[in-house]
Amino acid sequence: MATQTFNNFIDGHWVPSAGGRVFENRNPADRDDLIGVFQESTPEDADAALAAARRAYVTWRLVPAPKRAEILFRAAQIIAERKEQFARDMTREMGKVLEETRGDVQEAIDMTYFMAGEGRRQYGQTVPSELRDKFAMSVRQPLGVCSAITPWNFPMAIPSWKIAPALVCGNTVVLKPASLTPLSAINFCNVLAEAGVPRGVVNLVTGGPEVGTRLSTHEDVAVVSFTGSSTVGRLVNQNAASGFKKVHLEMGGKNVIIVMDDAQLELAVEGCVWGGFGTSGQRCTAASRVVVHEKVYEAFVEQFVRRTRALRVGNGLDEGVQVGPVVSEGQLETVMKYVAIGLGEGARLVTGGHRLESGAYAHGYFHEPTIFADVEPSMRIAQEEIFGPVVSVMRCRSLDEAIAIGNDVPYGLSASIYSRDVNAAFVAMRDLYTGIVYVNAPTIGAEVHLPFGGTKATGNGHREAGTAALDVFSEWKSIYVDFSGRLQRAQIDTQDL
Ligand code: NAD
């Protein structure tokens, strides 16, 4: 079969990069499976996309928000119709199992519907003026051209988290997806165009850091919304700072599950298996640390290991497979490097620890689900984001100690506690310094209508999803209308009752 070539989407047209270079996208479960070739774009391609977005903004910002929302609603319907195909494309390009890629596409549907609803809300405030015959209100305003730079682990959901709120607020967008997963982003943009998004309002440019850098620095960009590693996020932040851009960063995580001695142990184990090894541990919210009360520690480790050994690893397209490959050779090398670091630090490897490379695994990037027990909180495997199927289990003697261990990492995305004690749960909800907390559920499973994001090296104070996303993609304008027919001076004309 001839290799399919995918283009950039600029000003309503699918066009090749001006530089003429392309890159391959291969299935991480089977390197022989070539999905297609994509544009290795240049900064000049980014410039063309940004120019189209700037032109389109002139009219798009004036389209009534409920009308913008109707287009999003149609887009959500189309994605729902094609959910299965999009999920299969996604499993092929990034490896996670079909059940999870269906979830990823569903999240894009949910977000697009949710933001379609916001077309008729975007509430501001009307407040009494301190002066007679004067009206005071605040309204949301779009900002202009937004850059969206996205990672590979939620290839359709994350672009939707950025593009849907940006559009409903009246902005235009240039998306640069991760080079490991361009097809899912292209599928999403294709649907938006089909649903009626006018030309230039959404543009897509594939490629690497050069394109990302241009999207973070170009003078026409008002907002940079980035999801990815903290290392790259810091660069984006620095690059965008001198132009006073609004920068929204969603970055790494080192999320914890606390298992107290009164927890329903089987439920906690099930949560740790799903939280730790879902998406092969490649979720920003993955439960890569588990802190277990000493009274149930041995029993927990024994059950956790048993359940983990039973996981079926394989090609995510095969129904019944529970853990797919990791996304790339580089990611596999990182996982193996951290397994060696854990062993070197003296942690106890209780299951896994090896690459899988024989038989059906020979052509992919597979790694055994891996658990280290007796990990010390200061070890690198307990501090650094690995982003693979490796979980560190630690021991604690009290809730306070568990929360202290939970908080003692550079990141602050998600945390969870398993306990039947309502008091303990509320203390954890208050004291875990993360953007998301779960009780009796693992660290993953966010829903689109609540804010999503984290503290410390995970984020810079903004939130994705929910109505919080509108705060990223709009700014407030306060408006005063004086209908008194005379000059009234705030704070000065005070005695005129
Ligand atoms: P990454 O930081 O390597 O890349 C993210 C994006 O930035 C990609 O599109 C990449 O091409 C682009 N990029 C690379 N260099 C750039 C530069 N100099 N300027 C601008 N853009 C540049 O991340 P990744 O490997 O794709 O994804 C994994 C990371 O994403 C993990 O750290 C994970 O925790 C994080 N993540 C966070 C969230 C969240 O919401 N907090 C969600 C998913 C993933």
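**View 1. Polar contacts of the ligand in the predicted model.** In this predicted model, a polar backbone atom of Met251 lies 2.8 Å from a nitrogen atom of the ligand. The protein covers 89% of the 850 Å² of accessible area that the ligand has on its own. Oxygen atoms of the ligand also take part in such pairs: one is 2.8 Å from a polar side-chain atom of Lys176, and an oxygen atom is 3.4 Å from a polar backbone atom of Gly228.

**View 2. The residues around the ligand.** The ligand is surrounded by 28 residues. Thr150, Lys176, Ser229, Met251 and Glu385 are the closest of these. Sorted by class, the shell comprises 16 nonpolar, 9 polar and 3 charged residues.

**View 3. The pocket and the elements that frame the ligand.** The largest pocket holds the ligand. Two helices, α7 (209-217) and α8 (230-241), and the strand β10 (221-227) each contribute at least two residues to the shell around the ligand.

**View 4. The two domains at the ligand.** Domain 1 (8-251 + 459-478) provides at least three residues of the shell around the ligand. Domain 2 (256-439) likewise provides at least three residues of this shell.

Terms used. Residues numbered from 1 in each chain as written. Predicted model: local features only at pLDDT ≥ 70, side-chain atom pairs only at ≥ 80, totals over all residues. Heavy atoms only, no water. Near = heavy atom within 4 Å. Polar contact = N/O pair within 3.5 Å; in protein donor to acceptor, adjacent residues only side chain to side chain. Areas by Shrake-Rupley, 256 points an atom, 1.4 Å probe, with all protein chains shown as cover. 1 Å grid on protein atoms, 1.4 Å probe; cavity = no way out; pocket = protein on both sides within 12 Å on 5 of 7 lines; lining within 4 Å. Sits in = over half its atoms within 2 Å of the grid points. Helix = DSSP H or I, 4+ residues; strand = E, 2+ residues; numbered from the N terminus. Nonpolar A, V, L, I, M, F, W, Y, C, P; charged D, E, K, R; others polar. Domains from an automatic or database assignment.
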